[in-house]
Amino acid sequence: MSTDSSEQPTYRLTIVAHEPYPFILGVILREKGVPNRLKLHGDHLDGVVTVDVWEDFRRLADRIQEQFSRFELLSVNQVETTGEPLGSGQLGRVLRNELSQQQLTVLRAAHSMGYFDVPRQASADDIAEELDIAQSTLSERLRFAEKQLFDLVFSTEEESSNAESDDK
C-alpha cells in the first residue's frame, strides 16, 4: 500500500458498467473521480477511475449502482497519486520529454502555422522559411518527430518492456 505526499491514501477503482459512455463519465466527474482509462466494448465500458478520498469512492460506487443498476467492481487499489484528469496536458508533457528540441520546434511551428489543418494553412516551404532552415531539413525533422510520436502511441506494453530490458 502506498500513500501520496500528504500521507492520505488514494484509491483506484476498476469497474465494468453496462451503460453508454457519456453518462457514466458524467457521474465519475461529478463525484470527483479522475478517469484514467475508459474503453467502450460494444455494450459495456471498462474503466479505471481514481479518487482522492475513500468517501468519494463510496459515493461514486453508490451513485453508479443507483443510476445504472449493473456494474461490476473488479478491484480497488491504493496508489501513489490520483493521476491527471483528461485534458490536463499531462500527455503533452510526457510526449515532449521524448522528443528532441529540434523535433519540438518543427512540430510546434507546423502546428501553430496550420500545417496539420484541413485544409492546410501553411506549406512545408512556409514553415521552413519561418524557421530559417531548408525545406528538406524541415521535412526530415518533421518525419522523425511524427515517427517518434507514432512509435510512442502505438507501441505495445510488451514492446515497452522489451525496450526497458534492452536498456539495462
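The dialogue below asks how the labels on this predicted model are earned.

Colleague: What should I keep in mind about the model and its numbering?

Modeller: The model is predicted, local features need pLDDT of at least 70, side-chain atom pairs count only at pLDDT 80 or more, and totals for chains, interfaces and linings use all residues. Residues are numbered from 1 along each chain as its sequence is written, and side-chain values use heavy atoms, with hydrogens and water left out.

Colleague: Start with E31. Where does E31 lie?

Modeller: E31 sits in the loop between α1 (21-30) and β2 (34-41). Helices (H or I, at least four residues) and strands (E, at least two) are DSSP runs, numbered from the N terminus.

Colleague: Why is E31 called buried?

Modeller: Buried means under 20% relative accessible area, exposed means over 50%, and partly exposed is in between (1.4 Å probe, protein chains only). E31 has a relative accessible area of 9%, so E31 is buried.

Colleague: What makes E31 and R59 a salt bridge?

Modeller: A salt bridge needs a side-chain nitrogen of Lys or Arg within 4 Å of a carboxyl oxygen of Asp or Glu. The side chains of E31 and R59 meet at 3.0 Å, N to O, so the pair qualifies. This pair links distant parts of the chain: E31 is in the loop between α1 and β2, R59 is in helix α2, and they are 28 residues apart.

Colleague: Why is R59 called partly exposed?

Modeller: R59 has 37% relative accessibility, which falls between the two cut-offs, so R59 counts as partly exposed.

Colleague: What joins the side chains of E31 and R63?

Modeller: A polar contact of 2.8 Å joins them. The term means a pair of N or O atoms within 3.5 Å; within protein, one must be able to donate a hydrogen and the other to accept it, and residues adjacent in sequence count only if both atoms are side-chain atoms.

Colleague: Which residues does E31 touch?

Modeller: E31 touches D56, R59, L60 and R63, not counting residues up to four places away in sequence. Contact means heavy atoms within 4.5 Å.

Colleague: How do you know that the length of α2 fits a helix?

Modeller: The expected span is 1.5 Å times one less than the number of residues. Helix α2 (residues 54-68) has 15 residues and should span 21 Å; its end C-alpha atoms are 21 Å apart, so the two agree.

Colleague: What makes you say that the buried residues of α2 line one face?

Modeller: Those buried residues are D56, F57, L60, A61, I64 and F68. Seen down the axis of α2, they fall within an arc of 135°, so they line one face of the helix. The arc is that of the directions from the helix axis to the C-beta atoms.

Colleague: Which salt bridge has both partners in α2?

Modeller: D62 and R58 form one, at 3.0 Å, N to O. They are four residues apart, about one turn of the helix. An α-helix has 3.6 residues a turn, so residues three or four places apart point the same way. D62, at 42%, is partly exposed, and so is R58, at 36%.

Colleague: Where do K147 and D151 lie, and what makes them a salt bridge?

Modeller: Both lie in helix α6 (residues 135-154), four residues apart. Their side chains meet at 2.9 Å, N to O, which is within the cut-off, so the label holds. K147 counts as partly exposed at 49%, and D151 is partly exposed at 40%. Elsewhere, salt bridges that share partners join E31, D56, R59 and R63 into one network.

Colleague: How many salt bridges does the structure hold?

Modeller: The structure holds five.

Colleague: Why are β2 and β3 called paired strands?

Modeller: Two strands pair if DSSP finds at least two bridges between them. Seven bridges join β2 to strand β3 (residues 44-51), so they pair, and they run antiparallel. In β3, V48 is the bridge partner of R37.

Colleague: Why is Q121 called exposed?

Modeller: Q121 has a relative accessible area of 54%, above the exposed cut-off, so the label fits. Q121 is in the loop between α4 and α5 (124-131). Its side chain reaches the backbone oxygen of P119 at 2.9 Å.
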